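Please look over this chain, both its sequence and its fold. The report below goes through it region by region.

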Amino acid sequence: MEYSARADELYRQLLIATKDKDVCDFSEIASLPSVEDIMSEKKAIQRDFVFLAFGLRYLKYEDRNSTDWPEWFSTLYESLPNPRPAFSKAPVHVAARLLKRNLPFTMPEYAWLADSCTRTRALDQWSHPHIYTFVKRVKGYLEKSEEQPDEQLKKSLSGLAETLLNIPGEGAFPLIRTLQSLSADYVRFPLKPGEAWSDRVLADGQQMAEPLQNAWGALLSHCQTASAGKPSSKWLKTVEPLLDAVGQETFVESLLVWFPLVDQQGSTANRNWRGIRNVHQDILKGLCWCCSLIDDPRLARALSALAISSYKKVPGIGPHAVKVGNACVWALGQIPSETALSQLAFLKVKVKFGTAQKGIEKALSETAERMQVPREEIEEMGVPAYGLTEVGRLEERLGDFTAELTITGTTTTQLVWLKPDGKQQKSVPAAVKKEFPEELKELKASAKDIQKMLPAQRERIDNLFLEQKVWPCATWRERYLDHPLVGTLARRIIWRFQTGEDVVDGIWQGGQLVDRHSNPLEHLNEATTVALWHPIEQPTEEIIAWRDWLEQHEVQQPFKQAHREVYLLTDAERNTGIYSNRYAAHIIKQHQFNALCGARGWKNQLRLLVDGSYFPAMKLLPQWNLRGEFWVEGVGDNYGVDTNETGTFLYLSTDQVRFYPLLEDQRTAPVTWGVAGNETPINLELIPPLVFSELMRDVDLFVGVASVANDPTWSDGGPEGHYVDYWHSVSFGDLTETAQTRKAILQRLVPRLKIAGQCSFKDNFLLVEGKLHTYKIHLGSGNILMSPNDAYLCIVPNQSLAGKRANNLFLPFEGDNMLSIILSKAFLLAEDTKIKDPTILSQI
């Protein structure tokens with residue numbers, strides 16, 4: 001680039017005038033004579049000055065061989081004393097001001113200026129205002145010009161955009177978007193390295209042919225504009241040709257690789273991973289919106305998995321990519337397929353984050369409206385069969401072999417291969433791998449989906465008791481009893497059948513519905529309705545009869561039903577009238593409590609030390625026009641001891657359970673009843689028994705699972721020993737309703753065990769006679785005392801071992817982990833001379 005002598009002279013005068021000055025803004029130098037001379041010169045001279053400022057910038061002299069310096073610059077630099085001072089940033093501030101004028105640059109000159117910006121050291125738009133101003137100038141030039149940018153200018157602008165991606169932070173992304181829109185076919189990937197998924201995308205991009213690379217670049221650049229809550233019709237219309245350029249199959253295959261990496265930590269460039277960058281979240285949102293235009297079961301599953309990972313909490317931050325999760329939910333709601341609907345239904349049960357639940361609910365409602373079915377039915381309709389050809393079983397012939405996929409439990413499946421002669425082959429046949437790779441991949445994917453979906457459906461059905469749903473018999477058979485997936489749960493549940501005035505209870509057994517005497521149910525017809533059976537509505541003898549039937553036929557229910565605890569009003573609760581103190585004065589682990597609230601459909605906020613008041617944990621019951629509340633508050637005031645590093649309380653103290661009308665104003669602290677505006681809670685005797693029982697059962701679960709009394713390492717009273725009395729009183733105290741149910745089950749189960757002769761029951765304990773000691777296992781907490789002086793024995797439960805022990809025994813229902821832990825400890829202590837764990841040996 002040629003520079004005029006006058007421009008050289010002006011540049012040299014400015015450098016000398018501002019040598020060693022750290023100029024941050026044009027206003028600091030505007031009054032200098034050298035600057036005033038520049039600003040009053042002819043446009044041609046000012047243009048040459050801009051060339052000098054862009055070409056020289058303030059690179060170190062050692063880099064002079066990499067650019068086209070004027071000879072005087074080297075002479076000037078060499079004349080300076082050692083150590084040579086850095087030149088001022090003044091020229092770029094003057095150049096930025098000049099660029100605001102309509103200087104006579106040509107298209108090749110704009111390309112040269114872009115290349116100069118690309119080579120700038122320590123690049124950022126704030127210390128280099130000429131870059132920001134240049135982008136605005138070239139954009140204005142191209143908008144006014146009737147010419148399209150030539151190939152060189154496109155490449156130069158694209159190169160500058162790619163360079164700006166290396167600037168720390170996200171401030172340069174508006175410039176990058178502008179440059180990418182101007183560079184058209186030479187768009188680079190607008191991603192920063194450092195996150196696992198962006199590292200992979202950039203690596204994949206390097207391997208692509210240039211046309212595909214440019215197609216992806218254009219698509220990703222458009223996705224970068226996905227800043228709204230949902231896409232406009234114009235946004236979606238614009239993306240269609242961009243998707244076509246990439247190719248639908250290429251798009252799907254790429255996302256199946258990229259999406260699973262979103263919640264993983266990336267390269268060392270982003271070692272302290274704190275979630276997805278905001279600018280990357282917009283790109284991921286756009287990719288999710290694109291998915292709404294493609295009906296592919298693989299993509300629907302990928303969106304569901306991405307939503308779950310996006311709502312996953314990062315310590316100190318919370319859900320790390322809420323916007324991405326919401327985009328996944330929106331996209332699934334737009335895809336008109338059974339798979340997409342099933343994934344929404346799965347997310348409804350799986351995701352507990354409040355904002356996500358609103359989006360999922362909205363998507364399900366819109367889907368129901370589109371399909372013209374009642375909203376309450378859409379989740380049942382959306383449960384997929386995953387190719388199962390009958391209840392709990394899939395059979396598919398692939399060449400000479402037959403694949404049999406069988407559901408073996410609520411969380412387990414088994415895939416076996418049969419040879420042409422009917423004999424089983426242990427591994428996947430080589431011929432199947434070679435000739436049917438896609439079918440094999442789909443089979444394995446179905447097995448994984450089933451293992452995730454069944455627990456979600458178990459939770460959904462377990463939460464239906466309060467909804468008091470009633471189905472026509474034909475509908476119930478289709479969606480429950482005979483559904484290939486849900487049927488594996490429904491056939492282990494007791495149901496109530498009503499035909500006219502005739503009511504009978506039954507369960508599936510031996511290919512038919514039978515009553516508790518195993519007699520087939522007759523006279524079920526189109527007029528018959530079906531509902532879930534609940535023990536609160538039954539006399540004691542019928543409940544016991546059903547429990548006997550389940551044990552006799554070894555039917556393990558997917559959740560507690562026949563053995564479900566029933567919570568009736570106590571005299572103390574009748575006396576208090578408007579509240580229950582049954583579960584007050586407990587110390588519970590806040591994060592565990594919060595997770596349990598989400599699982600059971602309660603709304604709750606984590607309590608922080610810095611905030612003074614919160615709404616109580618609550619469950620909304622619109623079918624009953626009621627709201628149940630469980631009052632809790634943070635414990636302690638010592639930051640770092642009573643809280644984690646974010647100031648979130650580690651522990652809560654529990655208080656009252658109350659009931660209000662559904663829409664009654666919420667309160668954040670106890671109030672004086674009767675004062676204007678402070679309505680009294682509903683008297684407990686007016687609460688329907690089913691509602692009271694189910695909510696108190698939830699509260700019992702919260703306390704029973706999250707109480708610090710269940711933690712064997714808290715025998716010293718926890719932080720600073722404050723809770724030693726509480727721990728001992730609860731760890732070995734009275735049994736709750738759940739623990740009493742556990743005791744009743746163990747009393748029936750233990751006599752069948754090989755260690756039965758060493759076991760007995762006394763008060764709240766299971767006694768186990770070992771060779772070294774007699775051990776007392778508390779039936780509520782699972783904690784242990786041992787002879788001769790009731791010394792405490794600390795055994796931290798091994799969850800996998802407990803599960804293995806329980807799996808070898810018949811248990812009448814799933815879900816009571818403490819039952820498995822107690823059995824595991826009993827087996828261990830019955831053979832105390834064989835214990836090898838040094839921690840346990842040191843105590844016994």
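## Threonine 654 and its surroundings

Threonine 654 touches Tyr583, Ala584, Ala585, His586, Ile588, Phe630, Trp631, Val632 and Val703, not counting residues up to four places away in sequence. The model is predicted. Threonine 654 lies in strand E15, residues 651–661. Its relative accessible area is 6%, so threonine 654 is buried.

Two backbone atoms are reached by this side chain. At 2.6 Å, the side chain of threonine 654 reaches the backbone oxygen of tyrosine 583. At 2.9 Å, the side chain of threonine 654 reaches the backbone nitrogen of histidine 586.

## Tyrosine 583

Tyrosine 583 sits in the loop between helix H25 (571–576) and strand E12 (587–589). Is tyrosine 583 buried or exposed? Tyrosine 583 is buried, because its relative accessibility is 3% and the cut-off for buried is under 20%.

Beyond four places in sequence, tyrosine 583 is in contact with Tyr567, Phe630, Thr654, Asp655, Met696, Val699, Asp700, Val703, Thr736 and Glu737. Take aspartate 700 from that list. In sequence, tyrosine 583 and aspartate 700 are 117 residues apart; C-alpha to C-alpha, they are 7.1 Å apart in space. Glutamate 737 brings a polar contact: its side chain meets the side chain of tyrosine 583 at 3.0 Å.

## Helix H26 and the loop after it

The buried residues of H26 are Gln590, Phe593, Asn594, Leu596, Cys597 and Gly598. Glycine 601 comes just after H26 and takes a positive phi of about 80°.

## The E13–E14 hairpin

E13 and E14 form a hairpin with four residues between them. In the turn, asparagine 625 has a positive phi of about 55°. Pairing between E13 and strand E14 (residues 626–634) is antiparallel and runs over five bridges. One bridge joins lysine 619 to glycine 628 in E14.

How many of the five residues of E13 are buried? Four are, so E13 is largely enclosed by the rest of the structure.

## Aromatic pairs

The structure holds 24 aromatic pairs. One of them joins tryptophan 476 and phenylalanine 497 edge-to-face, at 5.3 Å centre to centre and with 80° between the planes. This pair links distant parts of the chain: tryptophan 476 is in helix H22 (residues 473–481), phenylalanine 497 is in strand E8 (residues 495–499), and 21 residues separate them. Tryptophan 476 is buried at 0% relative accessibility. Phenylalanine 497 is buried at 1%.

Tryptophan 602 and phenylalanine 702 also pair edge-to-face, at 5.5 Å centre to centre and 80° between the planes. Here too the pair links distant parts of the chain, 100 residues apart. Tryptophan 602 is in the loop between helix H26 (590–599) and strand E13 (617–621). Phenylalanine 702 belongs to helix H27, residues 689–706. Tryptophan 602 is buried, with a relative accessible area of 5%. Phenylalanine 702 is buried at 0% relative accessibility.

## Aromatic cluster and charges over rings

Which residues form one aromatic cluster? They are Phe51, Phe105, Tyr110, Trp112, Phe134 and Tyr141.

Charged side chains also sit over rings. The charged end of arginine 491 is over the ring of tryptophan 508, 4.2 Å from its centre. Lysine 776 lies over the face of phenylalanine 765, at 4.8 Å from the ring centre.

## A five-stranded sheet

Five strands form an open sheet in the order E7-E11-E8-E9-E10, and their pairing is antiparallel. Strand E7 (471–472) and strand E10 (512–514) are the edge strands, each pairing on one side only. Strands of a sheet pair through backbone hydrogen bonds.

At one edge, E7 pairs with strand E11 (residues 529–532) in the antiparallel sense, over two bridges. The bridge partner of tryptophan 471 in E11 is valine 530.

## Confidence

The mean pLDDT of the protein is 84, and 87% of its residues reach 70 or more. Over residues 671–677 the pLDDT is below 50, yet this stretch has twelve contacts in the model beyond near neighbours in sequence. Residues 800–804 also stay under 50 in pLDDT. For that stretch the model has four contacts beyond four places in sequence.

Methods:
Residues numbered from 1 in each chain as written. Heavy atoms only, no water. Buried < 20%, exposed > 50% of the residue type's maximum accessible area, 1.4 Å probe, protein only. Contact = heavy atoms within 4.5 Å. Polar contact = N/O pair within 3.5 Å; in protein donor to acceptor, adjacent residues only side chain to side chain. Phe/Tyr/Trp six-rings, centres within 6.5 Å; stacked < 30°, edge-to-face > 60°. Lys NZ or Arg CZ within 6 Å of the ring centre and 35° of its normal. pLDDT = per-residue confidence, 0-100. Pairing = 2+ DSSP bridges.
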